[in-house]
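Reader: Could you take me through the place where the two chains meet, and then show me what else is going on around it? I'd like the cut-offs along the way.

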Amino acid sequence: MESTQANPGLLCSPEDSQRTLYPYVTGTSVVALKYKDGILMAADMGGSYGSTLRYKSVERMKPIGKHSLLGASGEISDFQELLKYLDELILYDNMWDDGNSLGPKEIHNYLTRVMYNRRNKFDPLWNSLVLGGVKKGQKYLGMVSMIGVNFEDNHVATGFGNHLARPILRDEWREDLSFEEGVKLLEKCMRVLLYRDRSAVNKLQIAKITEEGVTISQPYALRTFWGFSAFQNPTAGAEGSW
Amino acid sequence: MEDEQTTFLTLLSVVAIAGADYCVVAADTRMSTGYSILTRGYSKICKLADKSFMASSGFQADVKALQKHLSAKHLIYQHQHNKQMSCPAMAQLLSNTLYYKRFFPYYAFNVLGGLDNEGKGCVFTYDAVGSYERVGYSAQGSGSTLIMPFLDNQLKSPSPLLLPAVDAVTPLSEGEAIDLVKTVFASATERDIYTGDRLEIVVLNADGTRYEYMELRKD
């Protein structure tokens, strides 16, 4: 009994073993903003297994239906399960064949309900989700956390992005950004995250969603600068300190 | 997410004041978690019926679920009775809904404001499990400890123990009540980290409903 208390990660009692206790393979921040024609979203392609950067080609942004784009951070397997639920949702929506389709607002609502209900069962989907889309000219960008907290805003970020990228966005975002300006702003945020977030990898994708549809870019790397003089001889100020 | 968000609360502040023929419900629009601000433009005031507005602080996901639940119940009521629910009726419904989850509560601290059947302002204040009371004014949320004493001082509500019963509604005019609300929030913003960004005020009176906004400090 005492060993289970001291090491909850090991043997769990049978009643507890069916629920998520902590995430294993995780993705880090997703950053997104509204721009003139729609939504821009950026996420790197890393899947960390604790402190190991185990997977480096994880696509953490996926199109949903005709009008939405979903980005997720947190447990990758839970994200994949969510995609299964959404797949079924979109399938049933298409089967009505009535000319209507679920827009980003509806998908966001659905995701919020799913996350909230899982939280109420003490078995959360360990993700922070970013849902963006455009339908009939209306741009929509929202976020849902793993406990069901949701909101809409002009720019959102999950995880470390909330601490590092949001302040940049609050300062520099404005209505009617062009595509190039939006990408530059996102890259600025992703560069800061790359420097400062331990679980970030330098391989990212930027996704764009407009009335016409979704485009997810090929993976690419950001240019970084490490040539600071202080890095040349890092122990210059503290030689023989031990 | 690397670690569980233990501080998921979006505490903020909500206030409501009842007048002789009006009611003012106000809340700030900041949503925060721990020491971070998630968004500066989130509305916490929900229109449940023509004459009932609910403002809630606490855990946002529970508040949202509660609002949806009550709105759905109200829609059914309208279908069955061909009229809107009165504010006192909505107050009872809210209390019952909260107590229903007595052993897994909605983490929501509510204030319900509106006009009763006579057109007088009414404010009901709740705790998380549904105990409620009709009062002349109330504040809930993180700023309530700062706001409530000031409202007590300014609005001098008579004791509910007096006989014959004295009306709890304030003799202040609508304009004065709105000014009071603005003052109170500006002060709460100074000292409460969870309060700020923008103030949303809903004013209900015989002419209908009006929304007013005021900028608050963003730090």
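Author: **The bridge across the interface**

The side chains of A:Arg119 and B:Asp62 come together in a salt bridge, 3.5 Å from N to O; the term stands for a side-chain nitrogen of Lys or Arg within 4 Å of a carboxyl oxygen of Asp or Glu. Before going on, a word on the source: this is a predicted model, where local features need pLDDT of at least 70 and side-chain atom pairs count only at pLDDT 80 or more, while totals for chains, interfaces and linings use all residues. Residues are numbered from 1 along each chain as its sequence is written, chains are lettered from A and ligands numbered from 1 in the order in which they are written, and side-chain values use heavy atoms, with hydrogens and water left out.

Across the interface of chain A and chain B, the rule finds one salt bridge. There are also eight residue pairs in polar contact between the two chains, both residues at pLDDT 80 or more. A polar contact here is a pair of N or O atoms within 3.5 Å; within protein, one must be able to donate a hydrogen and the other to accept it, and residues adjacent in sequence count only if both atoms are side-chain atoms. On the chain A side, strand 7 (68-75), helix 3 (104-120), strand 10 (150-152) and helix 4 (160-172) each supply at least two residues that touch chain B. Helices (H or I, at least four residues) and strands (E, at least two) are DSSP runs, numbered from the N terminus.

In total, 28 residues from chain A and 21 residues from chain B take part in the contact, meaning heavy atoms within 4.5 Å. The chains bury about 2100 Å² between them, 53% of it on carbon and sulfur atoms; that is the accessible area (1.4 Å probe) that two parts lose on being put together, summed over both. In chain A, the residues losing the most area to chain B are A:Tyr116, A:Val149 and A:Arg170, together 22% of what that side buries.

Now for salt bridges elsewhere: the whole structure has 20 over all chains. Helix 4 of chain A turns up again here, with A:Glu172 bonded this way to A:Lys188 at 2.6 Å between the closest N and O atoms. A:Lys188 sits in helix 5 (residues 179-196) of chain A and A:Glu172 in helix 4, 16 residues apart. A:Lys188 is partly exposed at 36% relative accessibility, and A:Glu172 is partly exposed at 34%. For the labels, buried means under 20% relative accessible area, exposed over 50%, and partly exposed in between (1.4 Å probe, protein chains only).

Chain B has a pair to set beside that: B:Arg30 and B:Asp197, with the closest N and O atoms 2.9 Å apart. B:Arg30 is in the loop between strand 2 (22-28) and strand 3 (31-33), and B:Asp197 is in the loop between helix 4 (174-191) and strand 11 (198-205), 167 residues apart. Both B:Arg30 and B:Asp197 are buried. Chain B also has a salt-bridge network linking B:Glu174, B:Lys182, B:Arg210 and B:Glu212.

One last spot in chain B is B:Ser86, in the loop between helix 1 (60-81) and helix 2 (87-100). B:Ser86 is buried at 16% relative accessible area. Neighbours within four places in sequence aside, B:Ser86 is in contact with B:Ser52 and B:Asn117.
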